[in-house]
Amino acid sequence: VLTLTRALMNNASLVKPILERQEAVSICLRVFAVSDEEKTRALVIRMVSVMCTDSLTNQTQLRRMGGLQLVIEELFRQAEHRSVQVGKKACVSFPKGVDSGEENIGDDSELSAGGPASVLVAALLDLLNRGLMRNRRSELVFAQAEGLDAMLGLLETSDFVMRVKVLRILV
């Protein structure tokens, strides 16, 4: 998958039409749906993301094959298994005199940038950016399938870097 993704990135005009005819988006979505390994799932989603870049055909395949629904379900799952990031944990500073609500935050070792960023979440957000944005039909399907709720849940539980990516998509 990694070699094919690199070939696609380096020779998109040659490789992308071949993959479109072979319905590679559909194959990748099946692998994503049945795989339990996060790295494999991230790789195939990354490949779909690259295939959807500037390709209405692949974006349509993504939508028709239920890919947006798979992405939404995974975003909900990712947000569900993370704690809400607030205050210093979320890299948010408060002006002096404003109660941050951090009395029971624990020791300073917990004051990270919100925990480790997931490669799978980054790949999913990249796919949404490339395969959803500026495609009105896909945006409509995403909104009707509670995609905005999934994004808001992810916004609430993600570290600072992922929050920026989520906000870019929501804008």
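This passage walks through the helices, salt bridges, backbone features and surface of a predicted model.

The predicted chain is built on helices: it contains 10 helices and zero strands. Read along the sequence, the elements follow the pattern α-α-α-α-α-α-α-α-α-α. Of the 171 residues in the chain, buried residues make up 41%.

Helix α10 is a convenient place to begin, with two of its pairings in view. The axes of α9 and α10 come within 9 Å and cross at roughly 155°. An angle over 145 degrees counts as roughly antiparallel, and α9 and α10 are therefore roughly antiparallel to each other. Their crossing is left-handed. Helix α7, which covers residues 119-131, also pairs with α10: the two axes come within 10 Å and cross at roughly 20°. That angle makes α7 roughly parallel to α10, the limit for this description being under 35 degrees. Here, too, the crossing is described as left-handed, with α7 passing α10.

The pair α9 and α10 returns when the surface is considered. A nonpolar surface patch of about 330 Å² is made by Leu 148, Leu 152, Leu 167 and Leu 170. Both α9 (147-157) and α10 (160-170) contribute, each supplying at least two residues of the patch. Leu 167 may serve as an example from this group. This leucine has its place in helix α10 and is partly exposed, with a relative accessible area of 42%. Since patch residues need over 30% relative accessible area, the 42% computed for Leu 167 is above that cut-off.

A contact between distant parts of the sequence involves Ala 79. This alanine is found in helix α6, which spans residues 67-80. Ala 79 is buried, with a relative accessible area of 11%. Its C-alpha atom is separated by 5.7 Å from that of Gly 153, although the two residues lie 74 residues apart along the chain.

Charged side chains offer another view of how the helices are connected. Side chains of opposite charge can pair when their charged atoms come close. In this model the count comes to four salt bridges. One of them joins Arg 46 and Asp 126, whose side chains meet at 2.6 Å, N to O. Arg 46 lies in helix α4 (residues 38-52) and Asp 126 in helix α7, so the pair ties together parts that are 80 residues apart in sequence. Arg 46 itself counts as partly exposed, at 25% relative accessibility.

Asp 126 also takes part in a salt bridge with Arg 130, at 3.1 Å, N to O. This pairing stays inside helix α7: because Asp 126 and Arg 130 are four residues apart there, about one helical turn separates them. Arg 130 counts as partly exposed, with 27% relative accessibility. Elsewhere, salt bridges that share partners join Arg 41, Glu 74 and Arg 77 into one network.

Within that network, Glu 74 forms a salt bridge with Arg 77, the closest N and O atoms being 2.9 Å apart. Both residues lie in helix α6, three residues apart, about one turn of the helix. How do the two partners stand with respect to the surface, buried or partly exposed? Glu 74 is buried, with a relative accessible area of 3%, whereas Arg 77 is partly exposed, with a relative accessible area of 37%.

Finally, the backbone deserves a look, since two residues stand out by their phi angles. Glu 23 has a phi near 55°, a positive value in a residue other than glycine. Glu 23 sits in the loop between α2 (12-21) and α3 (24-34). At 39% relative accessibility, this glutamate counts as partly exposed. Arg 134 likewise has a positive phi, near 65°, in a residue other than glycine. Its place is the loop between α7 and α8 (136-144). Arg 134 is exposed, with a relative accessible area of 70%.

Notes: Residues numbered from 1 in each chain as written. Heavy atoms only, no water. Patch = residues over 30% accessible without salt bridge, like charges linked within 9 Å, V, L, I, M, F, W, Y side chains within 5 Å. Areas by Shrake-Rupley, 256 points an atom, 1.4 Å probe, with all protein chains shown as cover. Buried < 20%, exposed > 50% of the residue type's maximum accessible area, 1.4 Å probe, protein only. Axes fitted to C-alpha atoms, helices over the stretch in contact; angles between N-to-C directions. Parallel < 35°, antiparallel > 145°, perpendicular 65-115°, else oblique. Left-handed = near helix turned anticlockwise from the far one by under 90°.
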